[in-house]
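User: I'm new to this one and would like to learn how to read it. Could you walk me through a few features?

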Amino acid sequence: GVKYIVIPWYDGSKLPGNAAWEETKKLFTKISDEAKQNGMSLLYHNHDFEFKKVDGEYGLDILYKKVPAEYLQTELDTCWVNIGGENPAEYIAKYNGRTPVVHLKDFNIEGKLPKHLYALIGMDDEKDDDEPSSFEFRPVGHGMQDMPAILDASVKSGAEWVVVEQDEPSMGLSRMDSVKASREYLRSIGW
């Protein structure tokens with residue numbers, strides 16, 4: 001059966017550092033209670049905006065500090081952790097024992113991030129076509145991420161699952177070709 005229920009995205013204006021934060025904590029606890037009654041655990045999937053600092057601490061860290069592990073586990077997305085300014089393997093290790101699922105996502109970037117990065121995942125309609133994109137999602141093992149370190153940290157942290165996530169394909173590959181390239185890479189390193 002289903003073991004996890006995931007909050008895949010949450011409005012950043014309702015996370016730590018915002019007026020609605022207290023209500024969000026109550027809501028997450030309520031959802032977690034419902035999940036537990038049905039034999040599931042609640043996970044939170046991050047993006048990069050949770051790496052905004054609030055009183056010198058990442059909003060994501062505050063979230064995990066203020067909503068205890070018994071109510072909320074991590075589902076760290078390694079791409080967004082990296083874009084947020086942290087080393088994904090080290091960040092996974094930081095939440096050792098609280099990271100049952102890790103999203104493996106690779107990317108390549110040259111220069112600055114595009115202003116409308118979320119247009120690449122369908123969450124920002126204001127993509128500026130005059131701005132050359134210096135960012136693209138890549139199949140796992142074909143980008144900038146240190147996948148062996150990420151996988152090692154995932155195992156050491158107790159992750160039960162690592163999930164390949166491919167947003168928009170690149171490198172002239174279709175979505176299915178991207179999945180195949182990720183799978184072939186993982187097999188090549190013993191996964």
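User: What do the buried residues of helix 6 pack against?

Analyst: To read packing, look for the elements whose heavy atoms come within 4.5 Å. This is a predicted model, by the way. Here the buried residues of helix 6 pack against strand 6 (101-104), helix 5 (147-157) and strand 9 (161-164).

User: Which residues of helix 6 are buried?

Analyst: A residue counts as buried under 20% relative accessible area. In helix 6 that applies to Ser178, Ala181, Ser182, Tyr185 and Leu186. Looking down the axis of helix 6, you'd find its buried residues within an arc of 130 degrees, so they line one face of the helix. Met176, Lys180, Arg187 and Ser188 are exposed, on the other side of helix 6.

User: How many Å should helix 6 span?

Analyst: Reckon 1.5 Å a residue: the 14 residues of helix 6 (residues 175-188) should then span 20 Å. The end C-alpha atoms of helix 6 are 20 Å apart, which agrees.

User: What follows helix 6?

Analyst: Check the backbone angles there. Helix 6 is followed by glycine 190, and the phi of glycine 190 is positive, near 90 degrees.

User: Is glutamine 166 buried or exposed?

Analyst: Go by the accessibility again. Glutamine 166 has 17% relative accessibility, so it counts as buried. You'll find glutamine 166 in the loop between strand 9 and helix 6.

User: What does glutamine 166 touch?

Analyst: Leaving aside residues up to four places away in sequence, glutamine 166 touches Phe137, Arg138, Pro139 and Ser178. Ser178 is one of the buried residues of helix 6. There's a polar contact to spot too: the side chain of glutamine 166 reaches the backbone oxygen of glutamate 168 at 3.2 Å.

User: How do I read the sheet? What is the order of its strands?

Analyst: Follow the pairing from strand to strand. This open sheet of 5 strands has the order 1-2-5-6-9, and the pairing is parallel. Strand 1 (4-7) and strand 9 are the edge strands, as each pairs on one side only. On average, neighbouring strands of this sheet are turned by 25 degrees against each other, direction ignored.

User: How many bridges join strand 2 to strand 5?

Analyst: Strand 2 (residues 41-45) and strand 5 (residues 73-77) run parallel and are joined by 3 bridges. Tyrosine 44, for instance, has threonine 74 in strand 5 as its bridge partner. Helix 2 (residues 59-66) packs on the sheet, where it touches strand 2 and strand 5. The direction of helix 2 makes about 160 degrees with that of strand 5.

Conventions:
Residues are numbered from 1 along each chain as its sequence is written. This is a predicted model: local features need pLDDT of at least 70, side-chain atom pairs count only at pLDDT 80 or more; totals for chains, interfaces and linings use all residues. Side-chain values use heavy atoms; hydrogens and water are left out. Helices (H or I, at least four residues) and strands (E, at least two) are DSSP runs, numbered from the N terminus. The expected span of a helix is 1.5 Å times one less than its number of residues. Buried means under 20% relative accessible area, exposed over 50%, partly exposed in between (1.4 Å probe, protein chains only). The arc is that of the directions from the helix axis to the C-beta atoms. A polar contact is a pair of N or O atoms within 3.5 Å; within protein, one must be able to donate a hydrogen and the other to accept it, and residues adjacent in sequence count only if both atoms are side-chain atoms. Two strands pair if DSSP finds at least two bridges between them. Axes are lines fitted to C-alpha atoms, for helices over the stretch in contact, and angles run from 0 to 180 degrees between N-to-C directions.
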